[in-house]
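Please walk through this fold with me, one element at a time. Keep the sequence and the structure open side by side.

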Amino acid sequence: MKYLVQMNKETYLKIKTLMHNIKTLNEGKEIGGWLTGNIIGNEEEISIKLDKFIIPKQKVTGTEVDISPESMIDTIKPIIVTGK
């Protein structure tokens with residue numbers, strides 16, 4: 001089985017910017033995020049196309065991220081409703 005992972009340029013640049021500025025933006029603490037996209041494939045090849053980077057409301061420390069169930073629901077609900 002062959003796997004191909006692709007990420008659109010805008011999403012990549014957002015993640016790269018976050019990584020380079022994490023000390024300023026989040027005091028260097030951990031951060032949790034979700035990548036969304038589509039999976040297309042067959043028995044021989046799977047293609048994962050990532051198109052969005054989402055950072056839900058969370059509590060963070062230097063070594064841990066806590067995303068509450070309520071925050072997960074609040075983050076996922078607009079995606080389900082709009083399909084974006």
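What follows goes from the sheet to the helix, then to the salt bridges and the surface.

This is a predicted model. Start with the sheet. It is open and built from 3 strands. Their order is β1-β3-β2, and the pairing is mixed. The edge strands are β1, residues 2–7, and β2, and each of them pairs on one side only. On average, neighbouring strands in this sheet are turned by 25 degrees against each other, with direction ignored.

Strands of a sheet pair through backbone hydrogen bonds, in either a parallel or an antiparallel sense. Both senses can be followed here, pair by pair. Take β1 and β3 to begin with. Strand β3 covers residues 45–54, and its pairing with β1 is parallel, over 6 bridges. Two residue pairs help to trace the register. Lys 2 has Glu 45 in β3 as its bridge partner. Further along, Met 7 stands opposite Leu 50 in β3.

Now turn to β2 and β3. Strand β2 spans residues 34–41. It pairs with β3 in the antiparallel sense, over 8 bridges. A hairpin of 3 residues joins β2 to β3. Gly 41 has Ile 46 in β3 as its bridge partner. Ile 39 stands opposite Ile 48 in β3.

Pause at Asn 38, which also sits in β2. Is Asn 38 buried, exposed or partly exposed? Its relative accessibility is 46%, so Asn 38 counts as partly exposed. Which residues does Asn 38 touch, leaving aside those up to four places away in sequence? They are Ser 47, Ile 48 and Lys 49. Asn 38 can also be placed against Asp 51. The two are 13 residues apart along the chain, and their C-alpha atoms are separated by 8.2 Å.

Next comes the helix. Helix α1 takes up residues 9–26. It lies across β1, β2 and β3. Against β3 it runs at about 55 degrees.

After the helix, look at the loop between α1 and β2, where Gly 28 is found. Gly 28 has a relative accessible area of 38% and so is partly exposed. With residues up to four places away in sequence not counted, Gly 28 touches Ile 22 and Lys 23. Compare its position with that of Glu 45. Gly 28 and Glu 45 are 17 residues apart in sequence, and C-alpha to C-alpha they are 38 Å apart in space.

How many salt bridges does a search of the whole structure find? The search finds 3. One of them joins Glu 45 to Lys 2, with the closest N and O atoms 3.9 Å apart. Glu 45 lies in β3 and Lys 2 in β1, so the pair ties together parts that are 43 residues apart in sequence. These two residues are also bridge partners in the sheet. Glu 45 counts as partly exposed because its relative accessibility is 34%.

Another salt bridge is formed by Lys 14 and Glu 10. Here the closest N and O atoms are 3.4 Å apart. Both residues belong to helix α1. They are 4 residues apart, so about one helical turn separates them. Lys 14 is partly exposed at 45% relative accessibility. Glu 10 is exposed, with a relative accessible area of 54%.

Lys 29 and Glu 27 form a salt bridge too, and their closest N and O atoms are 3.4 Å apart. Lys 29 counts as partly exposed, at 31% relative accessibility. Glu 27 has a relative accessible area of 63%, so Glu 27 is exposed.

Finish with the nonpolar part of the surface. Which residues make the nonpolar surface patch? They are Met 7, Tyr 12, Leu 13 and Leu 35, and the patch is about 350 Å². Leu 35 is found in strand β2. Its relative accessibility is 41%, so Leu 35 counts as partly exposed. Met 7 has already appeared opposite Leu 50 in β3.

Methods. Residues numbered from 1 in each chain as written. Predicted model: local features only at pLDDT ≥ 70, side-chain atom pairs only at ≥ 80, totals over all residues. Heavy atoms only, no water. Patch = residues over 30% accessible without salt bridge, like charges linked within 9 Å, V, L, I, M, F, W, Y side chains within 5 Å. Areas by Shrake-Rupley, 256 points an atom, 1.4 Å probe, with all protein chains shown as cover. Salt bridge = Lys/Arg side-chain N within 4 Å of Asp/Glu carboxyl O. Buried < 20%, exposed > 50% of the residue type's maximum accessible area, 1.4 Å probe, protein only. Pairing = 2+ DSSP bridges. Axes fitted to C-alpha atoms, helices over the stretch in contact; angles between N-to-C directions. Contact = heavy atoms within 4.5 Å.
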